Amino acid sequence: MFNLLVTGLPFASPRGSCVLGSDRVFGKTDARIAERYKPDDVLDQHAVMQLPTIFTNETSWDTSKPTMARVGTITRIRSGHNRYEVEYQFDTDVPPIPNSVLESLSTELDLHMPGRGFNEFQTNHWAIKDADLFQVLFRHGVGRSAKPTVFSLPHEPVDPNLVAVMMPFDARFDGVY
């Protein structure tokens, strides 16, 4: 799961805040997920702050100026009369990602991209999406400069019954089990 925050105003710095009307919260979120994170119409702030977040602006109609998204975390939420003020911090280790790249991964990221009408990047809103953000980005080489050289990532869904073990590099650990 991850948060998707899309606003009409620019995210000017690696830390800051944005304001969204309460009518813009979870409108593009599956009803099951919305009920999980906003039971009885009360936002579970602690739960949503545990999720990674994509922060971006509405995609510009001017294709010569690509809109860039950032990955980060929500650090604080203040609720007010018909609005939420969301404080954030970008992950400076993850470079900006063009909205067009995220749009190309829409199926894997659970993004609503209809052929007609407004898509996820054309209206300001806050949604929670049912996808593993980092797994999708990592699998497609987005947000980092190089693929791993020691191992490869599978394209199949993760088996929750498997365990990975890492050991120090040393001759006495050459055995494979």
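What share of the 177 residues in the protein is buried? In this model, which is a predicted one, buried residues make up 36% of the 177, and I would like to keep that figure in mind while we go through the fold, the cores and the charged pairs.

Let me start with the fold. The protein has 5 helices and 7 strands, and if you follow the sequence from its beginning, these elements come in the order β-β-α-α-β-β-β-β-α-α-β-α. Of the contacts with a separation of 6 or more, 67% are between residues 24 or more positions apart. As for the surface, the protein exposes about 11300 Å², of which carbon and sulfur atoms supply 53%.

Turning to the interior, the largest nonpolar core has 22 residues, and the ones with the most contacts inside it are Leu5, Phe26, Tyr37, Val48 and Trp126. At least two residues of this core come from each of strand E2 (15-21), helix H1 (31-37), helix H2 (45-49), strand E4 (68-80), strand E5 (83-90) and strand E7 (125-129), with E5 giving the largest share, 4 residues. Apart from this core lies another, of 18 residues, which includes Val71, Val94, Ile97 and Val136. In soluble globular proteins, nonpolar side chains tend to be buried together.

Tyr37 deserves a moment of its own: leaving aside its neighbours within four places in sequence, Tyr37 is in contact with Met1, Phe26, Val42, Leu43, Asp44, Ala47, Val48, Leu51 and Ile128.

Now to the charged pairs, since the structure holds 6 salt bridges. One of them joins Arg139 and Glu108, whose closest N and O atoms are 2.8 Å apart. Because Arg139 lies in helix H5 and Glu108 in helix H4 (residues 106-109), the pair ties together parts that are 31 residues apart in sequence. Arg139 is buried, with a relative accessible area of 18%, whereas Glu108, at 32%, is partly exposed.

A second salt bridge links the side chains of Arg78 and Glu85, at 3.5 Å from N to O; here Arg78 is partly exposed, with a relative accessible area of 33%, while Glu85 counts as buried at 18%. In the salt bridge between Lys129 and Glu120, the N to O distance is 2.5 Å, and both Lys129 and Glu120 are buried. Finally, salt bridges that share partners bring Arg78, Glu85 and Glu87 together in one network.

Methods: Residues are numbered from 1 along each chain as its sequence is written. This is a predicted model: local features need pLDDT of at least 70, side-chain atom pairs count only at pLDDT 80 or more; totals for chains, interfaces and linings use all residues. Side-chain values use heavy atoms; hydrogens and water are left out. Buried means under 20% relative accessible area, exposed over 50%, partly exposed in between (1.4 Å probe, protein chains only). Contact means heavy atoms within 4.5 Å. Accessible areas come from the Shrake-Rupley method with a 1.4 Å probe; for residues, only the protein chains shown count as cover. A nonpolar core is a set of buried Ala, Val, Leu, Ile, Met, Phe, Trp, Tyr and Cys residues joined through side-chain atoms within 4.5 Å. A salt bridge is a side-chain nitrogen of Lys or Arg within 4 Å of a carboxyl oxygen of Asp or Glu.
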